[in-house]
Amino acid sequence: MLGIIGAGNMAEAMIAGILKSKTLDSKDIIVSNYNKSKAEKLSSKYGVAAAENIDVIKNSSIILLAVKPYALLNTLELYQNELADKVIVSVAAGISVSDMENVNTRLKIIRTMPNTPVQICEGVLAYVYGANIAENDKTFFQSIFSKLGMFIEIDESKIDAVSSLTGCSPAYIYQIIEAMSDAGVRMGLPRELAISLSAMAVQGSGGMVYNTGTHPAVLKDKVTSPAGSTIEGLAELESKGVRGAVISALYKAYEKTLLFSKK
Ligand SMILES: NC(=O)c1ccc[n+]([C@@H]2O[C@H](COP(=O)([O-])OP(=O)(O)OC[C@H]3O[C@@H](n4cnc5c(N)ncnc54)[C@H](OP(=O)(O)O)[C@@H]3O)[C@@H](O)[C@H]2O)c1
């Protein structure tokens with residue numbers, strides 16, 4: 001049984017993705033939340049069970065802690081005895097494996113950094129194993145979470161960079177899709193069609209880079225004919241400093257993430 005403590009946005013994204021990937025059935029998931037109605041809402045939407053924190057822990061062998069970072073260490077401290085032989089999966093930004101292991105050195109910790117597209121199994125889930133995670137714990141964790149998109153073990157020193165690049169960037173891409181759809185509307189397309197076309201163009205372009213392994217500059221060159229229309233748009237993007245803006249936007253998010261990590 002997978003237990004989930006905290007029934008917010010990330011918990012819902014994970015439940016939706018896990019059910020879509022069919023690694024678990026809804027009867028294999030049990031959720032709790034301080035405000036019980038939020039767990040009950042997920043229960044009626046996805047068919048998972050809703051319960052109190054303590055019952056979630058008692059009935060599960062792997063527990064996803066999907067509470068806000070400020071609540072994570074308190075939760076671990078409060079339930080450290082009951083959690084001692086369970087696999088604990090944290091999604092909290094800025095709380096290190098050693099922060100969690102310092103609560104109780106027996107805890108079996110896996111620190112993850114998912115992004116919200118895990119809900120359609122097209123997310124990124126980066127993870128770091130704690131000191132007490134055994135081979136069978138790894139296999140168990142992978143059997144549930146590996147189908148949520150790109151599933152990648154990383155060095156913990158890189159997790160804040162991954163967080164900026166994958167956790168924050170959906171917001172930037174949504175803004176770009178919205179701007180593209182504004183352009184479509186300006187050209188006379190209906191709004192809904194303009195949004196769908198823009199979203200599909202972004203999804204397809206990302207897929208071309210991800211699935212072919214071709215460098216994005218090579219793919220760009222392939223769609224840019226001499227004196228054509230695409231090069232006109234590219235020149236405009238360059239003159240507006242879009243590349244520099246993207247690099248500094250992601251770096252700003254990274255710097256802020258580092259600040260949170262140091263708190
Ligand atoms: N959203 C993202 O894109 C994203 C990406 C990567 C990682 N994360 C991580 O995911 C975690 C959750 O974020 P979120 O966006 O899902 O936040 P959220 O929507 O606020 O959900 C957190 C939930 O946890 C509940 N909660 C807090 N303390 C609890 C406790 N001790 N026992 C039971 N329930 C408790 C809260 O209940 P109440 O509302 O009743 O207080 C709330 O429903 C954070 O640690 C964040 O760093 C989020």
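In the predicted model, an oxygen atom of the ligand lies 3.5 Å from a polar backbone atom of Pro69. An oxygen atom of the ligand is also placed 3.3 Å from an N or O atom in the side chain of Lys68, while a nitrogen atom of the ligand is found 3.3 Å from a polar side-chain atom of Thr75. Of the 900 Å² that the ligand exposes when taken alone, the protein buries 81%.

The shell around the ligand consists of 23 residues, of which Met10, Asn33, Lys38, Asn53 and Val67 are the closest. By character, these shell residues comprise 13 that are nonpolar, eight that are polar and two that are charged. At least two residues of the shell are supplied by each of α1 (9-21), α4 (69-78) and β6 (108-114), and it is α4 that provides the largest share, with three residues. The space that the ligand takes is the second largest pocket.

Two residues were examined for their backbone angles. Cys121, although not a glycine, has a positive phi of about 60°; this residue is located in the loop between β6 and β7 (123-129), and its relative accessibility is 19%, so that Cys121 counts as buried. Ala227, likewise not a glycine, has a positive phi of about 55° and belongs to the loop that lies between α10 (216-222) and α11 (229-239). Because its relative accessibility is 80%, Ala227 counts as exposed.

Key: Residues numbered from 1 in each chain as written. Predicted model: local features only at pLDDT ≥ 70, side-chain atom pairs only at ≥ 80, totals over all residues. Heavy atoms only, no water. Near = heavy atom within 4 Å. Polar contact = N/O pair within 3.5 Å; in protein donor to acceptor, adjacent residues only side chain to side chain. Areas by Shrake-Rupley, 256 points an atom, 1.4 Å probe, with all protein chains shown as cover. 1 Å grid on protein atoms, 1.4 Å probe; cavity = no way out; pocket = protein on both sides within 12 Å on 5 of 7 lines; lining within 4 Å. Sits in = over half its atoms within 2 Å of the grid points. Helix = DSSP H or I, 4+ residues; strand = E, 2+ residues; numbered from the N terminus. Nonpolar A, V, L, I, M, F, W, Y, C, P; charged D, E, K, R; others polar. Buried < 20%, exposed > 50% of the residue type's maximum accessible area, 1.4 Å probe, protein only.
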